[in-house]
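Student: I have a model open and would like to talk it through. Could you take my questions one at a time?

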Amino acid sequence: MNQMAVEEAEKRCVVLVPSPFQGHITPMLQLASMLHAKGFSIVINHSELNPPDSSKHPEFTFLPLKDGLSNGDPSLLNLLNIIPAMNKNCRVPFQDYLVQMMEKPELYGQICCIIYDHLMYFITEVADHLELPTILLRSSSCAYMEAICAFLQFQAEKFTPLPEAKLLDPVPKIPALRFKDLPFALTSEIPEPLLQLLEKVTKIGSSVAIIGNTTENLENRALLWLRQHYQVPIFTIGPLHKMASSLQTSLAEEDASCISWLDTQATNSVLYVSLGSIVVMDKKELIETAWGLFNSNQPFLWVVRQSSIDGSTSIEHDLPDGYLEAVGDRGRIVKWAPQKEVLAHRAVGGFWSHCGWNSTLESIVEGVPMICRPCFGDQNVNARYITHVWKVGLQIGSDDLTRCVIESTIRKLMVEEEGKELRQRVVDMKQELQMSFQDGGSSHNSLKSLTEFISSF
Ligand code: UDP
């Protein structure tokens, strides 16, 4: 071996395995970038479905896993098919890669551990076989993990189906949540494949630690539960996008033209509207949202993804005739926005959100209050925390999605007294959160401990 090969072989390598969804790829790449800055060499083993853009990260090695899903449909309806198939199909290619990497440390460095997304649950079995340690990255909130475990417990105790009358009762031991807020309804039979999937994503196998994209202050109570339940070290190093800022992680192309439009708007006047990367709305919701936004008289920036309207070919076609002309320069509709930059812009005063965990963190850390329109999974739990624990947002229920309720909720947030109180609270939270990722803050210290932990393998 020449000198360079010897140095490479002595380098420590971390293998990271994201799942193929925007909200999961982003935190994994952010974590990779932080570990790279600490001196580890980085290998990203990703599925062929929704691959990250390797050209934006020349410092990492990207190795694609043959998943047989590359032309698949990563929509919500298809998740129950995609996730188990991915876990089955990626197992052999992943093991083959690891064996090759272990045989050739001069190419990648010595593998010290594998960090994986909770949806890629096959990883622990492969790693056990090769005697490599694994660490789980939770890309959603810890409160969500607690809520799924509570849900599974009720299932196991044959607590279901729950009478409708009990839906507003508090969940035992999780006072923040009502039964209604649990990730899945307890009022009907749950399909067996969904139950099996939830069982798998809540197990951590032989993993030696959990990393959370959160902070000690934000999720103090859920973290206490997590530590007791899993009995492994938990490293809280969020918000990851602030710990690893300026990293390009978007799978879609960002329309940056909206930033110059924001520059022309008054401070705190614009409502930013986005339902993340997976949620789909029907045409009725699209029309009611369009009129609610128009009638509110507030400027708005609205993200409507190509695939986010059920059965649609184009947004221009689905909006009422003359709508875009009537809105004029008061509103902008884009297919994908540079969201972190948008939320940090002084003109943005509110966020109409589906309450995905990344969006929630990105909003709070910029001091932007929210209107919560959760749809499924972790979004209901996050929305409950936003509106009733941190009290930095208003909720709009799926039955309330009429233009009148949308208009009045927007005005409540953007111009009325209630909105001012929410804004003040979220600005206080922003300051608290900022302390966590500064020198000596809890996330900063936790990253240091994580680096020492990984180096000790
Ligand atoms: N996002 C973006 N531009 C958009 C909409 C979303 O960059 O127009 C990003 C957003 O900043 C966040 C991610 O996509 O980091 C969405 O993740 P989240 O957990 O909020 O929701 P999911 O898409 O997983 O439902």
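Student: Where does asparagine 50 lie?

Tutor: Happy to help! This is a predicted model, where local features need pLDDT of at least 70, side-chain atom pairs count only at pLDDT 80 or more, and totals for chains, interfaces and linings use all residues. Residues are numbered from 1 along each chain as its sequence is written. Helices (H or I, at least four residues) and strands (E, at least two) are DSSP runs, numbered from the N terminus. On that scheme, asparagine 50 sits in the loop between strand 2 (41–47) and strand 3 (61–65).

Student: What is phi of asparagine 50?

Tutor: Asparagine 50 is a residue other than glycine, yet its phi is positive. The value is near 50 degrees.

Student: Which residues does the cis peptide bond with omega of about -15 degrees join?

Tutor: Look in the loop between strand 9 (234–236) and helix 10 (240–243), where proline 239 has its place. The cis bond there joins glycine 238 and proline 239.

Student: Which helix gives the largest share of the shell around the ligand?

Tutor: The ligand is surrounded by 19 residues, a residue being near a molecule if its C-beta atom, placed from the backbone, lies within 6 Å of it. At least two shell residues each come from helix 2 (22–37), helix 15 (339–344) and helix 16 (357–364). The largest share is four residues, and it comes from helix 16.

Student: How many residues of that shell are nonpolar, polar and charged?

Tutor: Ala, Val, Leu, Ile, Met, Phe, Trp, Tyr, Cys and Pro count as nonpolar, Asp, Glu, Lys and Arg as charged, and the others, Gly among them, as polar. The shell then divides into six nonpolar, 11 polar and two charged residues.

Student: How are helix 3 and helix 8 oriented to each other?

Tutor: The axes, lines fitted to C-alpha atoms over the stretch in contact, with angles from 0 to 180 degrees between N-to-C directions, come within 11 Å and cross at roughly 50 degrees. Under 35 degrees counts as roughly parallel, over 145 as roughly antiparallel, 65 to 115 as roughly perpendicular and the rest as oblique. Helix 3 and helix 8 are therefore oblique.

Student: Which residues make the contact between helix 3 and helix 8?

Tutor: Contact here asks for C-beta atoms, placed from the backbone, within 7 Å. Helix 3 brings Leu80, Ile83 and Pro84, and helix 8 brings Pro193, Leu194 and Leu197.

Terms used:
Contact = placed C-beta atoms within 7 Å.
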